[in-house]
Amino acid sequence: MKKSLMLFIASILFIGLLSACGTGGEQKNGSEEQKKVLKMGTSADYAPFEYIDTTKGNDIIGFDVDLAKMIAKELGYEIQIVDMDFSGLIPALQSGKVDFVLAGMTPTEKRKKSVDFSDVYYVARNMIVSKKGSGIKTVEDLKGKTVGVQTGSIQEEEANKIAKTVDMKIESRNRIPELIQEIQAGRFDAAIIENTVAKGYLKNSNGKLEGHTIPTSEQEAGSAIAFPKGSKLRDEFNKVLQEKMKNGEVDKLIKKWFDQ
């Protein structure tokens with residue numbers, strides 16, 4: 001009986017020792033599990049900033065995706081992309097569903113009340129897109145027209161400003177392709193879209209669409225990375241972003257995606 005009791009105690013001690021020490025492989029896995037994963041919110045309908053690569057299944061690619069991965073790698077993070085409608089991005093930040101947003105978002109004063117922004121990483125302008133031969137070339141030509149914009153976008157705000165002096169009807173849709181479809185179907189006379197994004201749709205329209213950039217006397221606000229209010233990630237990301245802009249790596253991404 002005494003011998004059996006001693007064997008039982010020895011077995012318990014041996015098992016406990018294994019549990020405490022573990023194996024080399026288990027330690028490695030534990031280290032891998034500690035690698036931080038950040039959720040990036042985006043709206044993957046905004047080529048070349050972010051869109052779904054149909055040639056590779058449902059992979060989301062684009063300028064913003066590459067930028068996010070470049071910054072995250074420098075900081076030791078991994079990125080998990082969460083796709084949603086543009087209008088849901090700021091609420092997702094506020095509710096903690098995502099850690100940051102990279103979606104060609106302009107840091108307007110209204111948005112700054114809800115989230116924090118990085119420095120601007122890219123500047124673009126707005127374009128009026130319509131059917132070829134529509135005769136719509138300026139904001140004045142939008143008088144009496146139905147104009148589409150993306151819900152929650154800076155272009156929606158731009159359209160509302162224009163509507164104060166130009167009598168036009170504004171309709172919003174969640175996704176950019178929906179705006180293009182409405183134009184092609186004749187339900188919209190035109191749409192206001194960021195020029196870099198619009199150029200991709202013009203190129204793929206086989207000459208059926210045309211675009212005209214809206215001139216502005218104001219300095220463009222550009223695009224920035226959004227974070228929850230008070231997030232420490234803002235300063236971490238901003239430091240790397242500034243470094244990458246200074247050393248030319250952001251310019252390389254711009255050339256890759258926008259051919260500039």
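This tour goes from one aromatic pair to a ring cluster and then to a helix contact. The model is predicted.

**Stop 1: the F49 and F258 pair**

Select F49 and F258. Across the whole structure, a search finds 12 aromatic pairs. F49 with F258 is a tilted one, with 5.2 Å from centre to centre and 55 degrees between the planes. Now colour by secondary structure. F49 sits in the loop between β2 (45-46) and β3 (50-53), while F258 belongs to helix α10 (residues 249-258), so the pair ties together parts 209 residues apart in sequence.

Are these two rings buried or exposed? F49 is buried, at a relative accessible area of 0%. F258 is buried too, at 11%. Both calls follow because buried means under 20% relative accessible area.

**Stop 2: the ring cluster**

Add Y46, F63, Y121 and Y122 to the selection. Together with F49 and F258, these residues are linked into a cluster by ring pairs.

**Stop 3: α3 against α10**

Show helix α3 (residues 63-75) next to α10. Their axes are 10 Å apart, and the helices pack at an angle of about 155 degrees. That angle makes α3 roughly antiparallel to α10, because over 145 degrees counts as such. The crossing of α3 past α10 is right-handed.

Which residues meet here? From α3, select F63, D66, L67 and M70. From α10, select E249, V250, L253, I254, K256, W257 and F258. By class, this contact has eight nonpolar and three charged residues, with no polar ones.

Finish on F63 and F258. Both are in the ring cluster, and both take part in the contact of α3 with α10.

Key. Residues are numbered from 1 along each chain as its sequence is written. This is a predicted model: local features need pLDDT of at least 70, side-chain atom pairs count only at pLDDT 80 or more; totals for chains, interfaces and linings use all residues. Side-chain values use heavy atoms; hydrogens and water are left out. Rings of Phe, Tyr and Trp (its six-membered ring) pair if their centres lie within 6.5 Å; planes under 30 degrees apart count as stacked, over 60 as edge-to-face and the rest as tilted. Helices (H or I, at least four residues) and strands (E, at least two) are DSSP runs, numbered from the N terminus. Buried means under 20% relative accessible area, exposed over 50%, partly exposed in between (1.4 Å probe, protein chains only). Axes are lines fitted to C-alpha atoms, for helices over the stretch in contact, and angles run from 0 to 180 degrees between N-to-C directions. Angles under 35 degrees count as roughly parallel, over 145 as roughly antiparallel, 65 to 115 as roughly perpendicular and the rest as oblique. A crossing is left-handed if the near helix is turned anticlockwise from the far one by less than a right angle, and right-handed if clockwise. Contact means heavy atoms within 4.5 Å. Ala, Val, Leu, Ile, Met, Phe, Trp, Tyr, Cys and Pro count as nonpolar, Asp, Glu, Lys and Arg as charged, and the others, Gly among them, as polar.
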